[in-house]
Amino acid sequence: MNQGKRGWRSFSLKRKFYCLMGSVAGLSFLALLFLCLFVSGLMRETQQVLYDNNVSLAFQASMEEERRTLQLWVEGQSKRTEQELETVCRQTEQAVEELPDVPGEIGMEQAWQTWSIRNAYRVYREKRDELLETDRGSESFAGLLYTVYDMQDYLVQYGSRLVQTVMRQGNQSYLEEKSAFHFVPVLLALAAFVVTVGMHWTSRIMDETFIEPVLMLARDAKRIASNDFSEPLPRPESDDEMGTLVTSFSAMKTATESYISTLKENSELQIQLEKVQLQMLKNQINPHFLFNTLNMISCMAQLEDAEVTDKMILAMSRLFQYALKSSETVTPLENEIRVVQDYLYLQKMRFGDRLNFQIRAGEGTRERMVPSFILQPLVENAIVHGIGDKEEGGTITVESRLEGEKLWITVSDTGAGMTQEALRQLESGRPKIKSGHGIGLGNILRRVHIMYEDGQVLISSTPGKGTKIEIGFTEKEAEEHGAGEDSGS
């Protein structure tokens, strides 16, 4: 059974169609053939009875007509009468030849009567021909005439008995076959039922094989057109062309869904990138930062000698120079550390004793290549969201170390920390922090994952105690993702 199903599923659509049509045609042909054979058997018996009746009546009618025509010929001979007599005699001879004489077909009694008629007619024909050749004036003419009349009477009687026998046998045959005729409507109904069942069975198979898969694909295509991919993928039920179509449609549906999902992700990434680029543009000339820095420079210029002022101006100049002129995707860690030192020096001048910082670069880490602007946004976030929100201030620590070939960079603070919900949002890459802060950190997380196969960003935080961010990756040539993806705090 299972092998039959597997074999059927492996058939092509054309072969399946021919098999179904051939099955229906063969079933219908067999049903109709059986019905025709049954009915033809009944009709053959009926036709035989009708034929026997016809030839028997034809002989009897021809014999009576021959007797009447012979009497007319005897009463007054004429050319027309002779022609009519010859025609009637030929008809009688033909009727005698057509009488059936096979016992298996007509029965022994009828066969015996037919044999008697033929023998009697043969003797009668000799006497009749002798009479027609005898001169009417001869003494033997009258004797021959009465002999012919007597023989005609016998033949007419034989014909009458033959007709009666044929009628009796026909009635008997009809009574015997009458019950069989009642089966004809039943057989017609049975043949119609068989053909109907065959058509129904074929229609179901055709529906499962041809129609239902097409309707399923049409419904799924309509849902896909309305951007609905919630329905499960259609499963092919066969290995024919329809199965190939369903499989290909499923692959197309999966590819389309993946493509649309990728487009959405890219669209969201593009939106975030635009926000980052806008924040970068703002950070290039941050009015608040410039105001505080210049204010501090002015105060120091009034209270101290020019040495401190000059140092602050140089630090700020190096910071802006790095931010505005660096276009590389990666840079040595040494450059990032110098930028962070300048930035923390300026912030230290702003916050005073509230801000402390430590920078510890492990051996062999300063020359390692890291993504550009990877440290300054982290330090800025630590100051803005950690130290700045805490009245007593805190300490920021920047560390780097090697574990095998993997470089780990850590930025930690003892600031305000963050809640678990804010931490989950930050790890998801979609921080919901006011004033756009946190965009740079989320961007750094994405950059590390995109640029390095083993890139990791680990974030831990405790409210009131501080936040620790660890970035780990193995150095390799970074892909070109644009130099402006990294800034913005």
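Is Phe473 buried or exposed, and what is its relative accessible area? Phe473 is buried, at a relative accessible area of 0%. The model is a predicted one. This briefing covers its nonpolar cores, its aromatic pairs and a cavity.

**Nonpolar cores**

- The largest nonpolar core counts 43 residues. Ile374, Leu375, Val379, Ile383, Ile396 and Ile471 have the most contacts inside it.
- Helix α11 (residues 333-351) supplies the largest share of this core, with ten residues.
- Another core lies apart from it and holds 25 residues. Tyr124, Val148, Leu162 and Val166 are among them.
- In soluble globular proteins, nonpolar side chains tend to be buried together.
- Ile383 is one of the residues with the most contacts inside the largest core. Leaving aside residues up to four places away in sequence, Ile383 touches Tyr343, Leu344, Gln347, Phe351, Leu355, Gly388 and Ile396.

**Aromatic pairs**

- A search of the whole structure gives four aromatic pairs. Two of them are described here.
- Tyr121 and Tyr124 make a tilted pair. Their centres are 5.7 Å apart, with 45° between the planes.
- Both residues sit in helix α5 (residues 108-133). Tyr121 and Tyr124 are three residues apart there, so about one helical turn separates them.
- Tyr121 and Tyr124 are both buried. Tyr124 also belongs to the core of 25 residues.
- Tyr452 and Phe473 form a stacked pair, because their ring centres are 4.3 Å apart and their planes meet at 20°. Planes under 30 degrees apart count as stacked.
- Tyr452 lies in the loop between α14 (439-451) and β6 (456-462), while Phe473 lies in strand β7 (residues 466-474). The pair therefore ties together parts that are 21 residues apart in sequence.
- Tyr452 is buried, with a relative accessible area of 1%. Its partner Phe473 is buried too, at 0%. Buried means under 20% relative accessible area, so both residues qualify.

**Second largest cavity**

- The structure has two cavities of 30 Å³ or more.
- The second largest cavity holds about 30 Å³ of space.
- Its lining consists of Leu333, Ile337, Ile359, Arg360, Ala361, Leu375, Val398, Glu399, Ser400 and Ile409.
- α11, β2 (355-361) and β4 (394-403) each give two or more residues to this lining.
- By class, seven of the lining residues are nonpolar, one is polar and two are charged.
- Leu375 lines this cavity, and Leu375 is also among the residues with the most contacts inside the largest core.
- Helix α11 likewise appears in both places: it contributes to the lining and gives the largest share of the largest core.

Definitions and conventions
Residues numbered from 1 in each chain as written. Predicted model: local features only at pLDDT ≥ 70, side-chain atom pairs only at ≥ 80, totals over all residues. Heavy atoms only, no water. Core = buried A, V, L, I, M, F, W, Y, C linked by side-chain atoms within 4.5 Å. Buried < 20%, exposed > 50% of the residue type's maximum accessible area, 1.4 Å probe, protein only. Helix = DSSP H or I, 4+ residues; strand = E, 2+ residues; numbered from the N terminus. Contact = heavy atoms within 4.5 Å. Phe/Tyr/Trp six-rings, centres within 6.5 Å; stacked < 30°, edge-to-face > 60°. 1 Å grid on protein atoms, 1.4 Å probe; cavity = no way out; pocket = protein on both sides within 12 Å on 5 of 7 lines; lining within 4 Å. Points joined across faces, edges and corners; volume = space filled by probe spheres on them. Nonpolar A, V, L, I, M, F, W, Y, C, P; charged D, E, K, R; others polar.
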